[in-house]
Amino acid sequence: PAETVVTNHSCVAKVDNIRYVHLGPYSLQSLKQASKASGLTMNSTLLSAIAGAVARYCRQRGDGNLRNLGVAIPVNFKTLDSDRSVKANNDFATMLLTVPVNGEGGDAAEMDPSLWSVSNAIGASGAQTSLSLLPRDSVSWMVDNASKLVHFVFSNVNGAQMGNEFFCEKSTCRRRVQAYAFGSLNGHTRLFVLVNSHGNDVHIGLTVDETVVMDRNALAADIHAAIIG
């Protein structure tokens with residue numbers, strides 16, 4: 001795809017240029033209710049709003065012909081063990097979605113619900129697993145080129161059951177905590193949007209390469225307006 005003001009396919013991001021922006025908190029229940037009223041999942045509602053905001057940011061800076069956004073979505077297959085712990089492994093895959101942004105913003109009604117289906121997620125997992133059978137150089141080439149199809153990464157980490165309190169068994173102390181999560185830029189990706197539900201709140205962490213996404217505060221303002229609008 002053609003370059004936009006949120007992409008650069010010629011090189012990878014450097015750590016020195018990575019910046020973070022936190023948005024929220026937003027009410028988890030309010031987002032769920034709004035999604036239900038529209039007949040959509042919360043993921044679809046958030047992705048549509050964020051895609052619309054990214055498209056608006058791009059158009060305001062000269063990308064007037066933007067019609068679709070490529071989005072990478074990590075899919076987690078991890079499950080809790082009997083003691084509610086989670087093993088540290090690579091039991092996840094990545095789906096690539098095309099989100100139409102033909103109007104002023106992303107239109108949730110245009111998004112195909114089947115893109116979020118379990119079968120598509122399992123298919124992505126199987127495809128990713130098959131990469132282990134290929135030579136490393138081939139895998140590196142495929143991953144590198146796949147990242148060039150992506151305008152941004154969207155991930156929703158569900159921490160709603162974790163609560164806002166940390167308990168130390170050794171000291172028996174309890175402390176209230178607030179966690180802000182951010183994604184990691186890899187390959188040619190210059191924008192990562194990570195949604196994190198924590199207790200009854202939803203937080204959004206933006207990770208950007210400021211040499212490409214040059215006005216992260218304006219992008220954050222567009223995303224915030226799209227979510228509360």
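# Exercises on helix α1, strand β8 and the cores

On the face of α1 that is turned away from its buried side, the exposed residues are Q33, K36 and A37, where exposed means over 50% relative accessible area, buried means under 20%, and partly exposed lies in between (1.4 Å probe, protein chains only). Helices (H or I, at least four residues) and strands (E, at least two) are DSSP runs, numbered from the N terminus.

The model is predicted, so local features need pLDDT of at least 70 and side-chain atom pairs count only at pLDDT 80 or more, whereas totals for chains, interfaces and linings use all residues. Residues are numbered from 1 along each chain as its sequence is written, and side-chain values use heavy atoms, with hydrogens and water left out.

## Exercise 1

Work out which residues of helix α1 are buried and what covers them.

**Solution.** Begin with the helix, which spans residues 28-37 and has L28, L31 and S35 as its buried residues. These residues cover an arc of only 70° around the axis (the arc of the directions from the helix axis to the C-beta atoms), and therefore they sit on the same side of α1. Next, look for the cover, which includes β1 (18-27), α2 (42-59), β7 (191-198), β8 (201-209) and α5 (216-228). Then take S35 by itself: this residue of α1 counts as buried because its relative accessibility is 2%. Not counting residues up to four places away in sequence, S35 touches L40, T41, M42 and T45, a contact being heavy atoms within 4.5 Å. Finally, move just past the helix, where G39 takes a positive phi of about 75°.

## Exercise 2

Describe how strand β8 is paired and enclosed, and then place T207 within it.

**Solution.** First consider the pairing, for which DSSP must find at least two bridges between two strands. Strand β1 runs antiparallel to β8 and is joined to it by eight bridges, with S27 standing opposite D201 of β8. Strand β7 is also antiparallel to β8, again with eight bridges, and S197 has V202 as its bridge partner in β8. The hairpin of β7 and β8 has two residues between the strands, and in this hairpin G199 takes a positive phi near 65°.

Second, consider burial: eight of the nine residues of β8 are buried, so the strand is largely enclosed by the rest of the structure. T207, a residue of β8, counts as buried because its relative accessibility is 1%. Leaving aside neighbours within four places in sequence, its contacts include Y20, F182, G183 and L185. In addition, a polar atom of the side chain of T207 lies 2.9 Å from the backbone oxygen of G183.

## Exercise 3

Find the nonpolar cores, and then decide how many disulfides the structure holds.

**Solution.** A nonpolar core is a set of buried Ala, Val, Leu, Ile, Met, Phe, Trp, Tyr and Cys residues joined through side-chain atoms within 4.5 Å. The largest one has 41 residues, and V54, F152 and F154 have the most contacts inside it. To this core α2 gives the most, with eleven residues. Apart from it lies another core of eight residues, among them V150, V153, L185 and F192.

For the last step, a disulfide is a pair of cysteine sulfur atoms within 2.5 Å, and the structure holds zero of them. Among the cysteines, C58 is buried, with a relative accessible area of 0%, whereas C173, at 31% relative accessibility, counts as partly exposed.

Note on methods
Polar contact = N/O pair within 3.5 Å; in protein donor to acceptor, adjacent residues only side chain to side chain.
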